[in-house]
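I opened this model to look at its surface, its cysteines and its interior. My entries follow in the order I made them.

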Amino acid sequence: MDTKGFNSSFIDSNKRDIFTSDYARILFNIWFGLVATAVLTVWSMVSNIVNITVFVKQGLKERVNFTLFCLSCSDFMGAFFVTSMTPGFAGDVHILSSTVESSSYVIYLSWYRTAFVDLSTALTVFIAIERCSCVTRPLHFNSSFVAIHGQSIVVAIILFMVANYLPLLSTFDFTTLLNSDTNSSLVITVYSELNIAVQQYNDFVFGISLAAICQIVIFVCAILMYKGLQKSSKVRNVSNMKVRKNVAGSNGLSNKERRVVKMILVLASLYMVSALPQIVFCWARVLIPELPQNKIGNLHMLLGAIIYYTAATYGAFSIFIYFNFSSSYRAVFRQILMTSYCAKKETDT
């Protein structure tokens, strides 16, 4: 394989017949890659560290807490890899004694980020199905398969994602090109036929097929949860009017269950909006195979920057959703703040 020829589109972008100008791409990358996305992903990491701490304090034996704990870990890692990618938007990246070509650096790390985004998607689908089952079958939910084996299902989802992404991440290869004029070397990515085939498989299975299925499932669950909340509200109103407290307990949801369902409903809705650019991006990669290279290689980079920004919003705003809908989350969060404040005050004195 002619490595230099294969990667030429990534080595000298100024010599390409581009779809968008290099100047526009540079400005876009400075804003989305180095400013907006960096700020958003750093905040996402901080907020998810808070989420992880709160869920650990609450205890991971409860089904919802364990799933949200795993979701927060996945969101944190996704934000971490996007933050790690930001130097590549500014130019070639110096790692130890090597210089990595910017596009190779960004594209390689983007697949790690994609793996955690897909994991967050799968966990969001699972928790939406779980809460939907709680709403539609409140009397039989605790004895259902999803409720009994909830933690095992989450672990199985994580293992499934690892097994599917390992072949892709392990088939990347790198080579070094020597610039005789400057007497410097540049590390670039080599795309073997196996790696390209695995990328296409990943785009089709995860980026298109499963992504579309997940969107449909979450949309259906959101509708059922919304209708279930309306039905529960009617039951509670009737029970209050008739002063029959046992009616709400036998046919409706408890206050805690209602708050959890509302929280997951908002979380699922936020996911559906933030995931749409990712699905469009994957469709574009499949329908336009030459998208990452040649005439429209810059467009590929611009679309990629957009999905990094929109996907980061999902993890960044989750802390506000949890804080608003969960009284136990608020209590633990305030306890952590008070403990930190008291510890700092004692240190100062």
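**Surface patch**

I looked first for a nonpolar patch on the surface and found V42, W43, V46, F317 and F320, with about 450 Å² of accessible area together. Patches here take residues with over 30% relative accessible area and no salt bridge, joining like charges within 9 Å and nonpolar side chains (Val, Leu, Ile, Met, Phe, Trp, Tyr) within 5 Å. A salt bridge is a side-chain nitrogen of Lys or Arg within 4 Å of a carboxyl oxygen of Asp or Glu. Areas come from the Shrake-Rupley method with a 1.4 Å probe, and for residues only the protein chains shown count as cover.

I noted the ground rules. This is a predicted model, where local features need pLDDT of at least 70 and side-chain atom pairs count only at pLDDT 80 or more, while totals for chains, interfaces and linings use all residues. Residues are numbered from 1 along each chain as its sequence is written, and side-chain values use heavy atoms, with hydrogens and water left out.

Helix 3 (residues 22-58) gives the largest share of the patch, 3 residues. Helices (H or I, at least four residues) and strands (E, at least two) are DSSP runs, numbered from the N terminus. V42 sits in helix 3. Is V42 buried or exposed? V42 is partly exposed, because its relative accessible area is 38%; the cut-offs are under 20% for buried, over 50% for exposed and in between for partly exposed (1.4 Å probe, protein chains only).

**N48**

I stayed in helix 3, which also holds N48. N48 counts as buried because its relative accessible area is 0%. Leaving out residues up to four places away in sequence, N48 touches S72, D75, F76, G315 and S318. Contact means heavy atoms within 4.5 Å.

**Cysteines**

How many disulfides are there? The count is 0, with a disulfide defined as a pair of cysteine sulfur atoms within 2.5 Å. For C73, the nearest cysteine sulfur is that of C70, 6.3 Å away. C73 is partly exposed at 27% relative accessible area. C221 is buried at 6%. Why is the sulfur of C221 without a bond to the closest cysteine sulfur? That sulfur is in C132 at 4.2 Å, so it is too far for a bond.

**Core**

I then went inside. The largest nonpolar core has 69 residues, and L68, M225 and Y322 have the most contacts inside it. Such a core is a set of buried Ala, Val, Leu, Ile, Met, Phe, Trp, Tyr and Cys residues joined through side-chain atoms within 4.5 Å. Helix 5 supplies the largest share, 16 residues. Beyond residues up to four places away in sequence, M225 touches A128, R131, C132, V135, V261, I264 and L265.

**T121 and Q215**

T121 lies in helix 5 (residues 102-136) and is buried at 8% relative accessible area. Its contacts, leaving aside neighbours within four places in sequence, are C214 and Y271. T121 and A268 are 147 residues apart in sequence and 9.5 Å apart in space, C-alpha to C-alpha.

Q215 belongs to helix 8 (residues 193-242) and is buried at 10%. Not counting residues up to four places away in sequence, Q215 touches Y271, M272, A275, L276 and I279.

**Totals**

I closed with the overall counts. The protein has 13 helices and 4 strands. Of its 349 residues, 47% count as buried.
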